[in-house]
Amino acid sequence: MTGCIFCRIARHEARASILYEDELIVAFRDRAPKAPVHLLVVPRKHICNLGDLQPQDQGLIAHIMMKLPQIARLSGLENGFRTVTNTGPGGRQEVYHLHFHILGGGTLPAI
């Protein structure tokens, strides 16, 4: 998708502080952090949100889940972290490209 900011970041067409990337995903620092460490992990493939996952995305979503702890450790989150994804307007999704927030590095409120 050409206008999607996360697609543009994944293609290195838009600036971001990238912490990790591989052939399937890109992880970068959130521009409006809600915690001392606030990263976004996005697939290179444009998928709007969890509700749009297809059976063929099973390997991709497993890859993301397996990489989240490694990416958290790379950012110094040795004592734990929170992972969040927002889906649709009711879930307060703002950018319609599947992404996972990694938050930590301070006292996070209980959910």
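**Figure 1. His 12, a partly exposed residue in a loop of the predicted model**. With a relative accessibility of 48%, His 12 counts as partly exposed in this predicted model. The residue belongs to the loop that runs between helix 1 (5-10) and strand 1 (18-21). Its backbone deserves attention as well, since phi of His 12 is near 60°, which is a positive value in a residue other than glycine.

**Figure 2. Arg 92, an exposed loop residue with positive phi**. Arg 92 lies in the loop that joins strand 4 (82-84) and strand 5 (100-104), and its phi is near 65°, again a positive value outside glycine. At a relative accessibility of 66%, the residue is classed as exposed.

**Figure 3. Cys 4 and Cys 7, two buried cysteines without a bond between them**. The sulfur atom of Cys 4 has that of Cys 7 as its closest cysteine sulfur, at 3.8 Å, which is too far for a bond; seen from Cys 7, the closest cysteine sulfur is likewise that of Cys 4. A disulfide is a covalent bond between the sulfur atoms of two cysteines. Because a pair counts as a disulfide when the sulfur atoms lie within 2.5 Å, the separation of 3.8 Å leaves Cys 4 and Cys 7 unpaired, and the structure as a whole holds zero disulfides. Both side chains belong to buried residues, with a relative accessible area of 7% for Cys 4 and of 3% for Cys 7.

**Figure 4. Tyr 20 in strand 1 and its contacts**. Tyr 20, which sits in strand 1, counts as buried at 14% relative accessibility. When neighbours within four places in sequence are left aside, Tyr 20 is in contact with Ile 25, Val 26 and Ala 27, and also with Lys 67, Gln 70, Ile 71 and Leu 74. One of these partners, Gln 70, is 50 residues away in sequence, whereas the C-alpha atoms of Tyr 20 and Gln 70 are 9.6 Å apart in space.

**Figure 5. Ser 75, a buried residue in the loop after helix 2**. Ser 75 is placed in the loop between helix 2 (58-74) and strand 4, and despite this loop position the residue is buried, with a relative accessible area of 16%. Apart from neighbours within four places in sequence, its contacts are with Leu 19, Val 37 and Leu 39.

**Figure 6. The whole predicted chain, as a setting for the close-up views**. Two helices and five strands make up the secondary structure of the protein, and from the N terminus onward these elements follow the order α-β-β-β-α-β-β. For 111 residues, a compact globule would be expected to have a radius of gyration near 13 Å, and the value for the protein, 13 Å, agrees with this. Taken along the principal axes, the C-alpha atoms fill a box of roughly 35 × 30 × 25 Å. Of the 111 residues, 40% count as buried, and among contacts between residues at least 6 apart in sequence, 53% join residues at least 24 apart. The protein exposes about 6400 Å², of which carbon and sulfur atoms supply 54%. Its side chains include 12 positive and 9 negative ones, and the centres of these two sets lie 5 Å apart.

Terms used. Residues numbered from 1 in each chain as written. Predicted model: local features only at pLDDT ≥ 70, side-chain atom pairs only at ≥ 80, totals over all residues. Heavy atoms only, no water. Helix = DSSP H or I, 4+ residues; strand = E, 2+ residues; numbered from the N terminus. Rg over C-alpha atoms; globule rule 2.2 N^0.38 Å. Buried < 20%, exposed > 50% of the residue type's maximum accessible area, 1.4 Å probe, protein only. Contact = heavy atoms within 4.5 Å. Areas by Shrake-Rupley, 256 points an atom, 1.4 Å probe, with all protein chains shown as cover. Lys, Arg positive; Asp, Glu negative; His and termini not counted. Charge placed at Lys NZ, Arg CZ, Asp CG, Glu CD.
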